[in-house]
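Grab a coffee and work through a few short exercises on a structure. Try each task on your own before reading its solution.

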Amino acid sequence: MNFRTRDLVVRYRKGAPAALSRVAMAAEPGSVFAVLGPNGSGKSTLMRALLRTVVRDSGEIHVGGRSIDDWSRRELSRTIGAVAQTEVISFPLSVRELVSMGRYPHLSPLRSEGPADREAVERALERCEAEELSAREVGTLSGGELQRVRIARALAQEPRALILDEPTASLDIHHEMAILRLLRRSADDGMTVVLITHELNLAARFADRLLLLDRGRVAATGSPAEVLREEVLEEVYRWRLRVREDPEVGRLTVTPLD
Amino acid sequence: MSRSLTSHLSAWVLLVLAVVGASCLSIRFGAASLGTLEVIDALLGGGSPTDRFIVRELRLPRTLLGILVGGGLALAGGVFQALLRNPLAEPYILGISGGSAAGAVLLLSLGWVTATSWALPLGAFAGAGLAILLVFGVALSADRRLDVRVLLLAGVVVGAFFSACIAVILTLSDAPTVRSAVLWMMGSLSGASWRSVGVVASYTLPTALVLVALARPLNLMAIGEETASHLGTEVERVKRIAYAVASLIAAAGVAFSGIIGFVGLIVPHAVRLVVGSDHRQLLPLSFLAGATFLVLADLLARLVLAPVEIPVGAITALLGVPFFLLLLRRSLRA
């Protein structure tokens, strides 16, 4: 289940400046693809385009080798699990109810939840270390707990690809590492993982390919070593910084300077 | 959701019994004092012609209309609350109350119809329809997508416009017209007839089924349109169908019974406090609860000051507010 775009242009309104401009990317199965960039650089827009929740102006998007226009909404939802940046839950729901919604793409008016669906929900809760939360009301969760529950919902979809927008933004170190290792393992098992993040160091550590966006354009793309270069990052982020290899984990780390 | 039908079986049984019980009471009691045996006799086609008329042509259709309108309003309210993700949403929110009242008041004050005419529902329905069209027109002109905030604002503003129209019309009307217009606006089931029951039923029941069939997408819409779409919902299509259908249910209810407030706002909340937010349970149970509530409210409206009838809209609020506050307090304690 790969994602490919070519010359992708997205505008939120006619005549508005392009939120994405001629973006080309390719995320392959079995890998973690990280999308980086400053605030407002188009990361979340790219996610919406890949999920077809925003209409593109021009260019091509292919999902699993097929143009995204040829997919039905339901097919997309069976194939891609998504965790958007925010979500407002206005009515009381239990954690298990929320995670069970991940099974909706597999249900129909004539097919309600069976044992297999309930198992998928339990498995997803377990993988996100959220079993003990399952009876809690969603409104009583902390930000980090809610985030794990939302990731569990995406896993309960049993998708072949995951797209996550800042999934670890409100997580403590333990849960951040646990979730990223989970994503890494999912990719190693053959899933396509698209990870939108601000955390350059985590991207360097867990991703195979990076895409650095700057004001809707591709500033750099490739392996961590190809993208995380001081001169590239300094221009995009307009801040002086140092890129070094961390001797402990053997990965690049980016440190902003004073 | 893991909660199955059976886990709310008690709620289902209770509410079905409640509808039946409320209906029995509503047919048994009224302004005319008939005994239980006389009522049963009249139902079966015996008794005096007057008794037969009271039971079969007045109380029975009135009870059925109460079931349909009360159920329809509660169902529509539950759907609006999910779509707008706003617990304050109610069936009239898209300007329907203002539009229908303006239509009815205009006909009354022009002297074209009396308060009992069959043309009054038509006028009210046309007004509601006009309001819906205006609101949708504004909401859709802004963007290709139906924006919830624009819809909500347009609904409030269109409602306010029609309220202003009503104020102007009433100022220019004579006192008896003002009185019947005000009474109409407070809602009543007194206009019930077999014809109105037929019209409302053929209208409300199929549309109610459409809404109940949308329960699963509505569960997703209640947690946000973006997530709903990630989970396979055709968000724009569901929104358009659900808004249109729920508005039409509200408009049909309003046309034949005036503006009965409170049922559509409070009943879905009360049901939600008991069975949770799964719309597959919430929507059908809200229909049953709304039906029970309105039939009982109407019974009180007829009995309390008999032979004078209190507008049922006043009863729904007088009864509903304490009941709801009680339920709210209990759920906060738990």
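What follows is a set of exercises on a predicted model, each with a worked solution.

**Exercise 1. Work out whether the radius of gyration of chain A agrees with that of a compact globule.**

Solution.
- Start with the length: chain A has 258 residues, and a compact globule with that many would come out near 18 Å.
- Now look at the model: chain A has 19 Å, so it agrees with the globule value.
- For the outline, the C-alpha trace of chain A spans about 55 × 45 × 35 Å along its principal axes.
- For the inside, 43% of the 258 residues in chain A are buried.
- Then check the contacts in chain A with a separation of 6 or more: 65% of them join residues 24 or more positions apart.
- To finish the sketch, count the elements: chain A holds nine helices and 12 strands.

**Exercise 2. Describe the side of chain A that touches chain B.**

Solution.
- Count the residues on each side: chain A puts in 23 and chain B puts in 22.
- Next, find the elements of chain A that give two or more residues to this side: they are α2 (73-79) and α3 (95-100).
- Last, sort the chain A side by class: 12 residues are nonpolar, four are polar and seven are charged.

**Exercise 3. In chain B, decide how α3(B) lies against α8(B): roughly parallel or roughly perpendicular?**

Solution.
- Two packed helices are described by the angle between their axes and the distance between those axes.
- Helix α3 of chain B covers residues 49-84 and helix α8 of chain B covers residues 194-213; their axes come within 10 Å and cross at roughly 30°.
- Angles under 35 degrees count as roughly parallel, and therefore α3(B) and α8(B) are roughly parallel to each other.
- As for handedness, the crossing of α3(B) past α8(B) is left-handed.
- Who makes the contact? On α3(B), the residues include B:Leu64, B:Leu68 and B:Gly72, and on α8(B) they include B:Trp194, B:Val197 and B:Ala201.
- By class, that contact has 13 nonpolar residues, three polar and no charged.

**Exercise 4. Do the same for α3(B) and α12(B), and say which residues meet.**

Solution.
- Helix α12 of chain B runs over residues 263-275, and its axis comes within 7 Å of that of α3(B), crossing at roughly 70°.
- That angle makes α3(B) roughly perpendicular to α12(B).
- From α3(B), the residues that meet α12(B) include B:Gly70, B:Gly77 and B:Gly78; among their partners in α12(B) are B:Val263, B:Gly264 and B:Pro268.
- Sorted by class, the contact of α3(B) with α12(B) has seven nonpolar, five polar and no charged residues.

Note on methods: Residues numbered from 1 in each chain as written. Chains lettered and ligands numbered in written order. Predicted model: local features only at pLDDT ≥ 70, side-chain atom pairs only at ≥ 80, totals over all residues. Helix = DSSP H or I, 4+ residues; strand = E, 2+ residues; numbered from the N terminus. Rg over C-alpha atoms; globule rule 2.2 N^0.38 Å. Buried ≥ 20, exposed ≤ 12 C-beta atoms within 10 Å, placed from the backbone. Contact = placed C-beta atoms within 7 Å. Nonpolar A, V, L, I, M, F, W, Y, C, P; charged D, E, K, R; others polar. Axes fitted to C-alpha atoms, helices over the stretch in contact; angles between N-to-C directions. Parallel < 35°, antiparallel > 145°, perpendicular 65-115°, else oblique. Left-handed = near helix turned anticlockwise from the far one by under 90°.
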